[in-house]
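Please open the model in a viewer and keep the sequence panel at hand. The tour below proceeds by selection, with a short account of what is found at each stop.

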Amino acid sequence: MKITQIVTTVVGTPWRELTFVELETDDGRVGVGEVRMVNKTETLLAAIRELGDRYVIGSEPFDVERIAHGVLWKEYGRAGEVAQSALAAIDMACWDLIGQACEEPVWRLLGGRFRDVVPAYANGWYQGDRDPAGIAELARTVTARGYRGLKLDPFGAASTDLSAGELARSVRIVEAVRDAVGDDVQIMIEMHGRFRSSTAARAARALEHLSPAWIEEPVPPANVHGLRNVRRSTWLPIATGERIHEIEEVAPLLEEGLVDTLQVDMTHFGGFTGVRKVAAWAAAYNVPLAPHNVCGPVGTAANVHVGVSTPNYQVLEHFNDFADTWVLDLVDGAPTVDAATGGFAVPERPGLGVRLDRELAAEHPSNGATFNLFAVGWERREGTRLTAAIGTD
């Protein structure tokens, strides 16, 4: 079985573009992968074309390590977000083909069934004004769907610093959510790497009485020194890693005990082949994975397979029940959260178990959607212009 063609399909939504990659083989099979690229879709497509011609066309789908070695080592330049995302989509599609050829779901080939339900938490649900009562009401809709966890960024368009008034407003929002959902629902606090370490520490201490499950990316991802300062300043668990793209970048987080939950995004970290390696490394430090996941149904399906088979898998992020819900219709067999369990069931179909509907995808073509987390009102997920002013409050 040889890969003969790479087909890319971009689906546009108001605030994100989903890039689907299908690998066709000489025996008629089609494997699918997916990446949600932040604001650089055309760059991603160019990378897929270049890397595909060099390392994918003519290869066997089973040779995932060889394909990864080409992208990560033969290219010589460091593999950042773009190259690792291109590799991830290709790698997912390869594993889909492997599963089809073996007539087994991918999770069975990754180590078999470790758990029967992959826990999920909701994101993308707080699409309203930064009003505590309004956001609390939205939070109730999350738990009504069976979710046992939800995440929000209550800090608006803050960048670097946070005024006393804005911090108080942010705390009131989280207090209202806690009152609405009760103590048995996990609340994850997203900081989006907004702050300098002193500001992040101040915000963390102000939220400690609400017992969030974690504070996420309190400082920019490269600011390891700042992360050390935050670690010393609060007892709250720290989650980070969604903007880490090379395995070497994980070293200080694990070796210095700076992370309690590792959030590498498999769609920006080389796919199954990359995330399996980092999961094993994290397990040596007793650190669980809760992968960042802003994908549509294919990327989510891939994550579910990892979650079924990986012992130190904690919980999976999910947007598609609240933001652009129609993307679930883009595939046959989209994974969904079971209200009775608050998680994803074990897939039973061969491969990833999903198939892209190209005709339906064509009804939502690329639209150049961009997203700016430092623009006022970004929570509405209506998209923003990259030229919008960056907040400096």
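Begin by selecting Leu152. Leaving aside neighbours within four places in sequence, Leu152 is in contact with Trp125, Tyr126, Ile135, Ile173, Val177, Ile187, Met188, Ile189 and Glu190. The model on display is a predicted one.

**The nonpolar cores**

Next, add Trp125, Leu150 and Phe272 to the selection. Together with Leu152, these residues touch the most other members of the largest nonpolar core, which has 116 residues. Which element supplies the largest share of this core? Helix α3 does, with 11 residues. In soluble globular proteins, nonpolar side chains tend to be buried together.

Now select Met188, Ala239, Ala290 and Val315. They are among the six residues of a second, separate core. Met188 has already appeared on this tour, as a contact of Leu152.

**Helices α1 and α2**

Select residues 41-56, which form helix α1, and residues 64-74, which form helix α2. The two axes come within 9 Å of each other and cross at roughly 120 degrees. That angle makes α1 oblique to α2, and the crossing is right-handed. To view the contact itself, display Leu51, Tyr55 and Val56 on the α1 side, and Ile67, Gly70, Val71 and Lys74 on the α2 side. By residue class, this contact divides into five nonpolar, one polar and one charged.

Keep α1 selected and colour its buried residues: Thr41, Leu44, Leu45, Ala47, Ile48, Leu51, Gly52, Tyr55 and Val56. Leu51, Tyr55 and Val56 thus belong to the buried set and also take part in the contact with α2. What covers the buried residues of α1? The cover includes strands β1 (3-12), β2 (17-25) and β3 (30-37), as well as helices α2 and α3 (81-102). Helix α3 was met above as the source of 11 residues of the largest core.

Before leaving this region, step to Gly58, just after α1. Gly58 takes a positive phi of about 90 degrees.

**Val118 in strand β4**

Finally, select residues 117-122, strand β4, and centre on Val118 within it. Is Val118 buried or exposed? Val118 has a relative accessible area of 0%, and is therefore buried. Display its surroundings: neighbours within four places in sequence aside, Val118 is in contact with Val304, Gly307, Val308, Tyr313, Leu316, Gly343 and Phe344. To close, draw a distance from Val118 to Val306, C-alpha to C-alpha: the two are 188 residues apart in sequence and 9.2 Å apart in space.

How values were computed: Residues numbered from 1 in each chain as written. Predicted model: local features only at pLDDT ≥ 70, side-chain atom pairs only at ≥ 80, totals over all residues. Heavy atoms only, no water. Helix = DSSP H or I, 4+ residues; strand = E, 2+ residues; numbered from the N terminus. Buried < 20%, exposed > 50% of the residue type's maximum accessible area, 1.4 Å probe, protein only. Contact = heavy atoms within 4.5 Å. Axes fitted to C-alpha atoms, helices over the stretch in contact; angles between N-to-C directions. Parallel < 35°, antiparallel > 145°, perpendicular 65-115°, else oblique. Left-handed = near helix turned anticlockwise from the far one by under 90°. Nonpolar A, V, L, I, M, F, W, Y, C, P; charged D, E, K, R; others polar. Core = buried A, V, L, I, M, F, W, Y, C linked by side-chain atoms within 4.5 Å.
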